[in-house]
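Let's take a friendly walk through this protein, looking at its charged pairs and then at its nonpolar interior. Please have the sequence and the 3D view open as you read.

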Amino acid sequence: MATPSSSPTVLERAAPFLRLPDAYDVTPVAHRDEIVDPRSSRRWRVVGGVLDLLGDRFAPTPTQRMLDTWVTAWLYDLLRDAVTPLVGMSDFENEARDAAGRLGLTRGDVVLDVSCGHGNFTVALARVVGSEGLVIGVDISAAMLARAADRVRREDIANVLLVRGDALRLPLAAGAVSKLICSGGLHQLPDLERALSEFARVLAPAGRLVASGFAEGGEGSRGWRSSLRRWLALHVVPLAPLERALVAAGFDDVSTRTAGPVGYAWARRMGRRFV
């Protein structure tokens, strides 16, 4: 059903949570599908269902560059759900249900989906939080976001804003959200510690985090994994150091597990306010 013209757009609803490039200390103003830095009057528009706050300001890693094509985005969308059960992971429906439960999602919640990719979790969580809630999906891949925008339109979801942004400098205010998911994205972050610090910054005290990516138990090992990180900025994340990094970033109640080649982490933002 179409949204009445007098109702706020999803961008207008999301604007209080967002921050614009070079204006992290200013709350932007949104007018329908355009957002403005009130200090400089610089403007950004939602085009094709995506608010691009990166433009050409971003230098992708080799892995990120490889994933930012329509072919790889199409293949990922096609194969992801077919392959996961074959390698010991839960199917998407169960994984999404588990993520929503661990986040403690209720109707009206505002959720940040980092490395949202083709939008499968974004849309699933948007249904859980309902029309009163909001999901902000962030990814650096324009190709993945284009597929996510198609999914949002196809499934008639009105409470999702897709943003092209960097997980190492999230375009959100400090303490903006209480729920954050990064499903399947940990291994692609070139500076994992910095990304975890950003997760802590944008989460409110006691906010919840669910994250996953290619991982291994214990302290991890070297060899070919070191080469992956050095040449492709692609991690196989060792879970013991990840737990310590989460605590150092400002999280507690940290727990992890593996399922096939993927590791899962859950944590709660410590109660003090992060600045």
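## Counting the salt bridges

How many salt bridges are there? The count comes to 14. Please keep in mind that this is a predicted model, and that the values below are computed from it. Three of the pairs are worth a visit.

## Glu-34 and its partners

Start at Glu-34, which forms a salt bridge with Arg-43; their closest N and O atoms are 2.7 Å apart. Is Glu-34 buried or exposed? Glu-34 is buried, because its relative accessible area is 16%, under the 20% limit for that class. Arg-43, on the other hand, has a relative accessible area of 48% and is partly exposed.

This pair also belongs to a network of salt bridges, in which Glu-34, Arg-43 and Arg-45 are linked.

## Two pairs within helices

Next, have a look at helix H4, which covers residues 92–103 and holds both Glu-93 and Arg-97. These two residues are four apart, about one turn of the helix, and they form a salt bridge with closest N and O atoms 3.0 Å apart. Glu-93 is exposed at 55% relative accessible area, while Arg-97 is partly exposed at 48%.

Helix H6 (residues 142–154) offers another pair: Asp-150 and Arg-153 form a salt bridge, with 2.5 Å between the closest N and O atoms. Why are these partners separated by about one helical turn? The reason is that they sit three residues apart in helix H6. Both ends of this bridge fall in the partly exposed class, with relative accessibility of 38% for Asp-150 and a relative accessible area of 49% for Arg-153.

## The nonpolar cores

Now for the interior. In soluble globular proteins, nonpolar side chains tend to be buried together. Here, the largest nonpolar core has 51 residues, and Leu-112 and Phe-199 have the most contacts inside it. Which helix gives this core its largest share? That is helix H7 (residues 192–202), with six residues.

If you select Leu-112 in your viewer, you can look for the residues it touches beyond four places away in sequence; among them are Ile-136, Val-138, Leu-170, Leu-172 and Val-202. Lys-179 is also one of the residues that Leu-112 touches. Apart from the largest core lies another, of 29 residues, including Phe-92, Ala-99, Val-135 and Val-262.

Definitions and conventions
Residues are numbered from 1 along each chain as its sequence is written. This is a predicted model: local features need pLDDT of at least 70, side-chain atom pairs count only at pLDDT 80 or more; totals for chains, interfaces and linings use all residues. Side-chain values use heavy atoms; hydrogens and water are left out. A salt bridge is a side-chain nitrogen of Lys or Arg within 4 Å of a carboxyl oxygen of Asp or Glu. Buried means under 20% relative accessible area, exposed over 50%, partly exposed in between (1.4 Å probe, protein chains only). A nonpolar core is a set of buried Ala, Val, Leu, Ile, Met, Phe, Trp, Tyr and Cys residues joined through side-chain atoms within 4.5 Å. Contact means heavy atoms within 4.5 Å.
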